[in-house]
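Please look through the structure shown here together with its sequence. The report that follows is meant for someone meeting it for the first time.

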Amino acid sequence: MSFILRTHLSPFGIHELRLRAIKSSVRWQTNAATAKQTMSWPEYLAIRRAKRRWEMFVTIPTTAIAFGVGANYLASMEIDHSKLIFGVDPVFVLGAATIACGGLGYLLGPTFGGMAWNMTHRRILPMVEARDRDFYNHIVRNRVDPRAQSPSNPVPDYHGEKIGSLHQYRQWLRDQSRFRKKAEHSVDPE
């Protein structure tokens, strides 16, 4: 016994849902000929928040490993203290290179964390990717024009990175609206 129900899921719009007698938290969205699985917005935002935590958690060991490998390699190099590198004492250059290795590990951490999350969550990955596309298209439609920013009126979370719940999403929309109004009313006479 399935039937089509038109309902308002979230501020993201109206969707047609096919309700079934027994189902899990995953909903079925009906398309013309085929039914395809989707997840609700609160579920998606919770998964997105968990994925971001994975990415940030993996950043810690990748930074430490990259810093350690860089320090080990650069410390084992023979240097001639009488020769300058780029006009700077070699010890300072090697120290900066060691810190740069740690920075590279910090930048690679979220990439490795995202890959690890994708490998452990393959079952829901297609649904998350579909919801990602919907979410980012919606962010692009509703975000403000960054050309109107100023030091006293910076753009609020342009990419929607801090959105982790429907409450935060609504707050993001209010911030975007506030920015638009502020930018419209403070037009320079130049």
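## A glutamine in the last helix

Gln176 is a residue of helix α4, and the model in which it is seen here is a predicted one. With a relative accessibility of 0%, Gln176 counts as buried, because that value is under the 20% below which a residue is called buried. Its side chain reaches the backbone oxygen of Pro156 at a distance of 2.6 Å.

When neighbours within four places in sequence are left aside, Gln176 is in contact with Asn142, Arg143, Val144, Pro156 and Asp157. One of these partners, Asp157, has its place in the loop between α3 and α4, and at 18% relative accessibility Asp157 also counts as buried. Asp157 has a positive phi of about 45°, although it is not a glycine. Most residues other than glycine have a negative phi.

## The chain as a whole

The chain has four helices and four strands, and when it is read along the sequence these elements follow the pattern β-β-β-β-α-α-α-α. Of the 190 residues in the chain, 29% are buried. Among the contacts with a separation of 6 or more, 55% are between residues that stand 24 or more positions apart.

## How α3 meets α4

The axes of α3 and α4 come within 11 Å of each other and cross at roughly 25°. The two helices α3 and α4 are therefore roughly parallel to each other, as the angle is under 35 degrees.

On the side of α3, the residues that take part in this meeting are His138, Ile139 and Asn142, while α4 brings Tyr169, Trp172, Leu173, Gln176 and Arg180. By kind, the residues of the contact of α3 with α4 divide into four nonpolar, three polar and one charged.

## How α1 meets α3

At what angle do the axes of α1 and α3 cross? The axes of α1 and α3 cross at roughly 100° and come within 11 Å. That makes α1 roughly perpendicular to α3, since the angle falls between 65 and 115 degrees. The residues of the contact of α1 with α3 divide into seven nonpolar, no polar and four charged.

In this contact, Trp41, Tyr44, Leu45, Ile47 and Arg48 of α1 meet Val128, Arg131, Asp132, Asp134, Phe135 and Tyr136 of α3. Arg131, which lies in helix α3, is buried, with a relative accessible area of 6%. A polar atom of the side chain of Arg131 lies 2.4 Å from the backbone oxygen of Met39.

## The nonpolar core

In soluble globular proteins, nonpolar side chains tend to be buried together. In this model the largest nonpolar core has 16 residues, and those with the most contacts inside it are Tyr44, Val128, Phe135 and Ile163. The elements that give two or more residues to this core are α1, which spans residues 41-75, together with α3 (125-142) and α4 (166-185). The largest share of the core, five residues, comes from α3.

Val128 is one of the core residues with the most contacts, and, leaving aside its neighbours within four places in sequence, Val128 is in contact with Met39, Tyr44, Ile47 and Trp117. Met39 is thus a residue that Val128 touches, and its backbone oxygen is also the atom that lies 2.4 Å from the side chain of Arg131.

## The loop between α1 and α2

Which residues of the loop between α1 and α2 deserve a separate look? Phe86 has its place in this loop, and with a relative accessible area of 80% Phe86 is exposed, because that value is over 50%. The phi of Phe86 is near 55°, a positive value in a residue other than glycine.

Asp89 is found in the same loop, between α1 (41-75) and α2 (90-120). With a relative accessible area of 30%, Asp89 is partly exposed, because that value lies between the limits of 20% and 50%. Not counting residues up to four places away in sequence, Asp89 touches His81 and Leu84.

Conventions
Residues numbered from 1 in each chain as written. Predicted model: local features only at pLDDT ≥ 70, side-chain atom pairs only at ≥ 80, totals over all residues. Heavy atoms only, no water. Buried < 20%, exposed > 50% of the residue type's maximum accessible area, 1.4 Å probe, protein only. Contact = heavy atoms within 4.5 Å. Core = buried A, V, L, I, M, F, W, Y, C linked by side-chain atoms within 4.5 Å. Axes fitted to C-alpha atoms, helices over the stretch in contact; angles between N-to-C directions. Parallel < 35°, antiparallel > 145°, perpendicular 65-115°, else oblique. Nonpolar A, V, L, I, M, F, W, Y, C, P; charged D, E, K, R; others polar. Polar contact = N/O pair within 3.5 Å; in protein donor to acceptor, adjacent residues only side chain to side chain.
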